[in-house]
Amino acid sequence: MHLEGSCQCGAVRFQLESPHPYPYQRCYCSICRKTQGGGGYAINLGGDNASLRVQGRQHVTVYHARLKEPEDARAHRSPAERHFCGVCGTALWLYDARWPELIHPFASAIDTPLPEPPESTHIMLEFKAPWVAVEAGPKDRRHERYPEESIADWHDRLGLSR
């Protein structure tokens, strides 16, 4: 599916191809919540990194979060790059060089109408804020941390890959 997105102020516009466009996976970790998820979670889509085209790239800034799991002695720098508009602060996409073929645009930055997911997956619930109510449907899956099922696997399981 062809996706087009932008920041709130219009300084950055982007487009990409997504074989996995359903906004189904809600991440409740503190990084996603604080950098992108005003409702207590963020939703990333799956896209083809080679297809990403950006207008206004000079306005894009990158943030590497500090990660510290409860079992870790010290925090470390995340290899994941969270891309934002440096003008208005809109979260745009996440890229991680460990999976160079993938790009993960934030659903909230997409202007193209997205398909409605038949079920959702709620991840990183161990780290959700206490004020956040998890609104899960009867078919939804819940995970304290990461699920074994990838974004591509979820789409394949439900016959939704494009």
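**Exercise 1. Find the residue of β11 that F84 stands opposite, then describe how β11 is placed between its partner strands.**

Solution. F84 stands opposite A91, a residue of β11, where strands are DSSP runs of E with at least two residues, numbered from the N terminus. This is a predicted model, in which local features need pLDDT of at least 70 and side-chain atom pairs count only at pLDDT 80 or more, while totals for chains, interfaces and linings use all residues. Residues are numbered from 1 along each chain as its sequence is written, and side-chain values use heavy atoms, with hydrogens and water left out.

Step 1: take the β10 side. Strand β10 (residues 81–85) runs antiparallel to β11 and is joined to it by four bridges; two strands count as paired if DSSP finds at least two bridges between them. The two form a hairpin with five residues between them, and in the turn G89 has a positive phi of about 90°.

Step 2: take the β12 side. Strand β12 (residues 102–105) is also antiparallel to β11, with two bridges joining them, and W93 stands opposite P105 of β12. Six residues lie between β11 and β12 in the hairpin that they form.

Step 3: check the exposure of β11. Five of the five residues in β11 (residues 91–95) are buried, where buried means under 20% relative accessible area, exposed over 50% and partly exposed in between (1.4 Å probe, protein chains only).

**Exercise 2. Determine which strand gives the most to the largest nonpolar core.**

Solution. A nonpolar core is a set of buried Ala, Val, Leu, Ile, Met, Phe, Trp, Tyr and Cys residues joined through side-chain atoms within 4.5 Å.

Step 1: list the central members. The largest core has 18 residues, of which V12, F14, L52, V54, L92 and W93 touch the most other members.

Step 2: assign strands. Both β2 (13–17) and β11 supply at least two residues of this core, and β11 gives the most, with three.

Step 3: look at one member. Leaving aside residues up to four places away in sequence, V12 has contacts (heavy atoms within 4.5 Å) with residues including V54, H59, C85 and L92.

**Exercise 3. Decide how many disulfides the structure holds, and examine C29 and C85.**

Solution. A search of the whole structure finds zero disulfides, a disulfide being a pair of cysteine sulfur atoms within 2.5 Å. For C29, the nearest cysteine sulfur is that of C27, 3.7 Å away; for C85, the nearest is that of C7, also at 3.7 Å. C29 counts as buried at 11% relative accessibility, and C85 is buried at 2%.

**Exercise 4. Work out the strand order of the open three-stranded sheet, and place E4 in its surroundings.**

Solution. Step 1: the order is β1-β2-β6, with antiparallel pairing. Because β1 (2–6) and β6 (53–55) each have a single partner strand, they stand at the edges, and one side of each is left without a neighbour in the sheet.

Step 2: three bridges join β2 to β6, and Q15 has R53 in β6 as its bridge partner.

Step 3: E4 is found in β1 and is partly exposed, with a relative accessible area of 39%. The C-alpha atoms of E4 and T112 are separated by 5.6 Å, although these residues are 108 residues apart along the chain. The side chain of E4 also makes a polar contact with the side chain of H2 at 3.2 Å; such a contact is a pair of N or O atoms within 3.5 Å, and within protein one must be able to donate a hydrogen and the other to accept it, with residues adjacent in sequence counting only if both atoms are side-chain atoms.
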